[in-house]
Each structure stands twice: as C-alpha cells, then as structure tokens.
Amino acid sequence: MAGVESAQSDVHFDAVVVGAGFAGLYMLYRLRQQGLRVRVFEAGTGVGGTWYWNRYPGARCDVESMEYSFGFDEELQQEWEWRERYAGQPEILRYANHVADRFELRCDIELETRVEAAHFIESNGIWQLRTTSENGRAVWTAQFCIMATGCLSSANTPDFEGLGDFKGDLLHTGHWPKEEPDLSDRRVGIIGTGSSAIQAIPILAERCGELFVFQRTANYSIPARNHPLDPEEQAAIKATYSEFREANKRMSSGFGSKRRLGDRSALEVSGKERDEEFEQRWEEGGFGFLGGYTDFLVNEDSNQLAAEWVRGRIREIVRDPQVADLLCPEQVIGCKRICLDTGYFETFNRDNVHLVDVSGTAIERITPRGVVAGGRGFELDTLILATGFDAMTGTLLRIDVRGRGGRTLGEKWEEGPKTYLGLGIEGFPNLFTITGPGSPSVLTNMIVSIEQHVEWIDECIGFLRLHGHQTIEATRQAEEEWVDHVNGLAARTLYPTCNSWYLGANIPGKPRVFMPHIGFPPYVEKCNEVASRGYEGFELGSPSFG
C-alpha cells in the first residue's frame, strides 16, 4: 500500500498522539516515563482540548472540581487549589496548562498542527501520518498511533440554507473566539437549547439587547448550585484523596461517591416522600437529583414521576404559561445527558428574551439579516450556533485513517462504530482510541475514564516491547462480541428511547447506534481481565513484514 506521501519521513517516533487535551497530556507523560520517543499533534494554539475550544459565556464543567482532576500524581492533586464547586472553563484551562508546565510536556507537543491522514503501512508495520501547519505539510512515522481526539471535539454546524449569506457576526459555542464579542445593544439569536446553550443563555441575556432562543427540543436541566469552594471542605477531601478517588471509581459513572444514593424504587414510597426527596435534591443541585431512587433509567413509570416533578418546577419558575409549556421536555428524563444550570429557566422571565419554537417547522433558512422560522423573519446582528458536536466518532472520521488493505475507518464504521473495549479496532493494528466508542467515556467523569484508558494503553505497549511483539490488533470475533455486549446493556435501559447524541441522532445520516458502555466498574474489570490473560481478544504480531 502506498503511504500518505510517496517519500518516507525522516522523523520516526515510537508513538504519535493526536490531541493535547487531558488525554493527550497524560498519554505523553506515561509513555515518556517508559523512555519512548513521543510526539503529540494539536490543531489549537494551546493545550486543553475541549476546554481550549469551548470558551463560550458560562462554559463550566458539570462534574465537581475535586473529582474532575487528575489523581495520578499526589503532589499535583495536593498543590492545585480549585476555586468553585464546578470549575469554569478559564480555571480548567489554567489547570491544563499547569499540568503541561509542571511535567515539562510542551517540548514534545506540536501546536497548530492538524493531522490530515494516518495510514498503516503493512510492509513494515508502522503508521505514516501527514500533518499540516503554517510551515506546510510534513510526514511522520510511528509504531503506535494513539487517538486522543476527545468525544466532544468536532463542532456540528447544520447545513442551514443561506448560512453563508449571513452578514452579521456568526459564532459557534464550540469554536468561541478568544476575544469576547461585544453584544451590548445587539439583537442576538441562538439556535439550540442543549448543554452549551443552557449555560450560555443566562449570561447572553444580561449582555445583549434582545435574545431570540430557537428551540427544537426542550431539555431537562437541574440547578448546579455552584458556589465558591470552602477551603476547609477542600482540605478535608485532600486529606484522604486516594480513598476518595477509589470510592469514585466504584461508582457506575466514576464519580459522585459522596452523594446520598437511594436503595429503593421510586414506586415504593408515597407521593409526599418522593416530593420531599426531589425537593431536597433540587436544592442540593447537580447530578444527584436522579440518585434518590434506583430505577429511573430502567422503569418508565418511575422515570415519569421524576420527569413530571421537574416539569412542575419549570411551570412554577417561568411566569408565562405558554413559554413554560414549551420549555417542558416530553422525553424520558436522563436518556439525554441532564444539564446543570444557573438561572436558565428564570432567564425566560426577562423582557428581552424570546423563545421561538421550531419543533414543528424547523429553521427554514438563514438570510443576510437574520433567521426565518415558522414563516416569521427575525432580524439579528449576531447569530450563535449552539448545535452541539458530532460526538465520539466525528473527529476520528474527519481524519483519513486507513488500516490493512487501505480500508478507511469510515468504511469500517459505515454501519456504526465497532471497537473492542473502545480501545482497539479490527483491521487497524497499533491504533488505540482513548475513550472511544464502546467505552464508558461520556457516561462517566471523563478524567477518570481517561486515566484508566491511558494507563491500560501504556501498560499494553510496555508488554509488547518486553515480549518482542511488533503489533497488536483486535480480533473480529472479540470486536463483534463486544459491540453486541454494549448494545445489550443499553437495550435494558431507557437510554435508547430518545434521539440523543449518545446515538448520533443529532447528525443527519449518522448510523443510530448507542455508543458508550454503561457502567464503569465492570468495564474496568473486563479491561484488567483482558490484560491479565495476555491481551485476550487481541492478536499479537512479531516483527516480520514482507
């Protein structure tokens, strides 16, 4: 097979890592500890991944700061002081930069360098990559290619008619400019009411003249109840940080061990008791709202009790009954990732905020001066797309990845993503995906999942080098059985009942496949079992190439 270029590269690495978010930074750190020669390629001008690109007003993590942080280095976790219960984007980006500086990682990171192609060369068992940067194109080779491209890193820009004709300022929450745009006295439209929009809308409403919110699907949102972190609370956690981390790893989502968890069905208690429980958890804020009972995601009757309670609360908050009804979601609560907010529903009581329902008519077209929806024209100075991401597979499929026989990853995944453990792909030797489809990833605390994947990959590469193996590749049988297993877990829940990005339903033409694995502890147990059995389900190859 011909490589990405006719000429071979003069620069060879033991491993190449694509992406300099938290996954790429930790992967670089671990492989360097082995003494490997590693290079990281990053398209942005700085490290941080998701937290580099998503600078929109109100961008904030929905996992608490003391949990959404690295646990691999004791000094690191003791020295960093978090300011808030839920860290905002600027603080998380500072943390990512601190990690890069503390472990002197920048010397092995190529910024403003985009990987366009990665081809496996069967004749010598290496990966050949083509990158582009301001210095032009370059070709590199490596034994291992590790995709640390993130699950929410490819912004989705819908193909709205006339989008390119808009004469005002066009922004996307996933690619927000570093220089904050001046919205004062401007008529602003925002398309979408997912997590990014729910965080941004209250702040946008305070900054702009008028705000038009174009909503296709209403979403559930729970108050975050964010607040400055009490130094004593932070010190108490740090005093037993290792035990706290281990307790979180035993949770299904990899976090939340300090929250109260119920042990009964919501159907087993009285309405009065349920209401009191819901009220208390609403006031506490955060993902713990659904933690009071055990069966919200497997029993539709129980789920409807929680959903209707939240709808009732929305109707209490929003003064206009018609607007309140439009903001009340109809789908199962929790089948999409629940949003956390600060004053989201209250924002629709402002005189300068207008909710535009596009659930039946959709966005008809974009004009040079605004948006046409439902037969009405809305004149705008600024248009914001809060239209989400091509989740989990988007970035991988935008790179020309080719495995054995020149088969592209797009061809391999034509009917939906297929992986073994979310780590390896049949037909693509020595290609690893960090938190790829088929792993718990987006259903967990991402940093916990990243650490587990990075450590597994690092130990796997160490094993291969120790035993003289040139390649590792998932077998077809193991991959097929794993895909069936992941789908089987999802089928026993209410997750597949709504059109979520977990299924790829937000991207036209994308196969509808539930992508994440449900349950962190059993997944980790399986990964450890595979490794302990000499990487069962993978084929290990010796260095013999024709």
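Two strands are taken to pair if DSSP finds at least two bridges between them. In this predicted model, that criterion places strand β6, residues 136-147, alongside several other strands, as set out below.

Strand β1 (residues 12-18) pairs with β6 in the parallel sense, over six bridges. Within this pairing, His12 has Thr141 of β6 as its bridge partner. Strand β5 (residues 126-133) runs antiparallel to β6, and seven bridges join the two. Here Gln128 is the residue that stands opposite Thr141. The connection from β5 to β6 is a hairpin of two residues. A further parallel pairing, over three bridges, links β6 to strand β18 (residues 431-433). In that pairing, Phe432 of β18 stands opposite Ile146.

Burial of β6 was also examined. Nine of its twelve residues are buried, so the strand is largely enclosed by the rest of the structure.

A second site of interest is Arg39, which belongs to strand β2 (residues 38-41). Its relative accessibility is 14%; because buried means under 20% relative accessible area, Arg39 counts as buried. The side chain of Arg39 forms a polar contact, at 2.6 Å, with the side chain of Glu110. When neighbours within four places in sequence are left aside, the residues in contact with Arg39 include Phe13, Ala15, Val16 and Val17. Asp108, Ile109 and Glu110 are also among the contacts of Arg39, as is Trp140.

Notes
Residues are numbered from 1 along each chain as its sequence is written. This is a predicted model: local features need pLDDT of at least 70, side-chain atom pairs count only at pLDDT 80 or more; totals for chains, interfaces and linings use all residues. Side-chain values use heavy atoms; hydrogens and water are left out. Buried means under 20% relative accessible area, exposed over 50%, partly exposed in between (1.4 Å probe, protein chains only). Helices (H or I, at least four residues) and strands (E, at least two) are DSSP runs, numbered from the N terminus. A polar contact is a pair of N or O atoms within 3.5 Å; within protein, one must be able to donate a hydrogen and the other to accept it, and residues adjacent in sequence count only if both atoms are side-chain atoms. Contact means heavy atoms within 4.5 Å.
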